Amino acid sequence: AQAPTWDDLAWLRDAIRIPLLVKGVLHPDDAERAVALGCDGLVVSNHGGRVLDGAPASLDALPAVAARVNGRVPVLLDSGVRDGRDVFKALALGAAAVLVGRPPIWGLAVAGALGTAHVVRLLRDELEAAMALCGCRTLADVGPGCLWHAPTRD
């Protein structure tokens, strides 16, 4: 009975003037509804898989959500970003940006602020390496054609 509804989201959109991003979007229909209600961005996330066992992986849900939104609002990815290659995959599948939580926290736990800075630098270096290996000179060059897909069986 306490779970937020679409009506609550509409009320919140009317009540605030700051950008409103909706986190936890995994289905294109929900993305469409959130955009129609005036949300400024979406975060594709299964909340680390903690909410519902068996929920689709965020990365698997990302392409359909990004396609439905079609650039009308930014689509971010959260969940499972552990290295720069994960950032590259998310960008290639339609994310405007990614959210990273655990890796910087691990760096903070090990070496404080310098550890966090080191982790962020590693993410950037790994992203740049993935881009170079895939022939992408800029972030604008990163797209679905950069990803290799194994052939499917008939």
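This report describes the sheet, the largest pocket and several individual residues of a predicted model.

**The sheet and the helix across it**

Four strands form an open sheet in the order 1-2-3-4, and their pairing is parallel. Strand 1 and strand 4 (97-98) are the edge strands, each of them pairing on one side only. Strand 2, which spans residues 41-44, pairs with strand 3, residues 75-77, in the parallel sense over three bridges. Within this part of the sheet, Val 44 stands opposite Leu 77 of strand 3. Helix 3, made up of residues 58-69, lies across strand 1, strand 2 and strand 3. The angle at which helix 3 runs to strand 3 is about 175°.

**The largest pocket**

The largest pocket holds about 320 Å³ of space. Helix 1 (6-15) and strand 1 (21-25) each supply at least two residues of its lining. Strand 1, already described as an edge strand of the sheet, gives the most to this lining, with four residues. The lining includes Val 22, Lys 23, Gly 24 and Val 25, and among its other residues are Pro 4, Thr 5, Trp 6, Asp 8, Leu 9, Leu 26 and Asp 30. By class, six of the lining residues are nonpolar, two are polar and three are charged.

**Two residues with positive phi**

Asn 70 has a positive phi although it is not a glycine, and the same description applies to Ser 79, which is likewise not a glycine and has a positive phi. Their values and locations are set out below.

| Residue | Phi | Location | Relative accessible area |
|---|---|---|---|
| Asn 70 | about 50° | loop between helix 3 and strand 3 | 64% |
| Ser 79 | about 105° | loop between strand 3 and helix 4 | 18% |

Asn 70 counts as exposed because its relative accessible area of 64% is over 50%. Ser 79 counts as buried because its value of 18% is under 20%. The loop that holds Asn 70 leads from helix 3 to strand 3, whereas the loop that holds Ser 79 lies between strand 3 and helix 4.

**Asp 86 in helix 4**

Helix 4 comprises residues 84-92, and Asp 86 is found in it. With a relative accessible area of 18%, Asp 86 is under the 20% limit and is therefore buried. When its neighbours within four places in sequence are left aside, Asp 86 is in contact with Gly 80 and Val 81.

Technical notes. Residues are numbered from 1 along each chain as its sequence is written. This is a predicted model: local features need pLDDT of at least 70, side-chain atom pairs count only at pLDDT 80 or more; totals for chains, interfaces and linings use all residues. Side-chain values use heavy atoms; hydrogens and water are left out. On a 1 Å grid over the protein atoms alone, a cavity is a set of points where a 1.4 Å probe fits but cannot get out, and a pocket is an open set with protein on both sides within 12 Å along at least five of seven lines; lining residues have an atom within 4 Å of a point. Grid points are joined across faces, edges and corners, and a volume is the space filled by probe spheres set on the points. Ala, Val, Leu, Ile, Met, Phe, Trp, Tyr, Cys and Pro count as nonpolar, Asp, Glu, Lys and Arg as charged, and the others, Gly among them, as polar. Buried means under 20% relative accessible area, exposed over 50%, partly exposed in between (1.4 Å probe, protein chains only). Contact means heavy atoms within 4.5 Å. Two strands pair if DSSP finds at least two bridges between them. Axes are lines fitted to C-alpha atoms, for helices over the stretch in contact, and angles run from 0 to 180 degrees between N-to-C directions.
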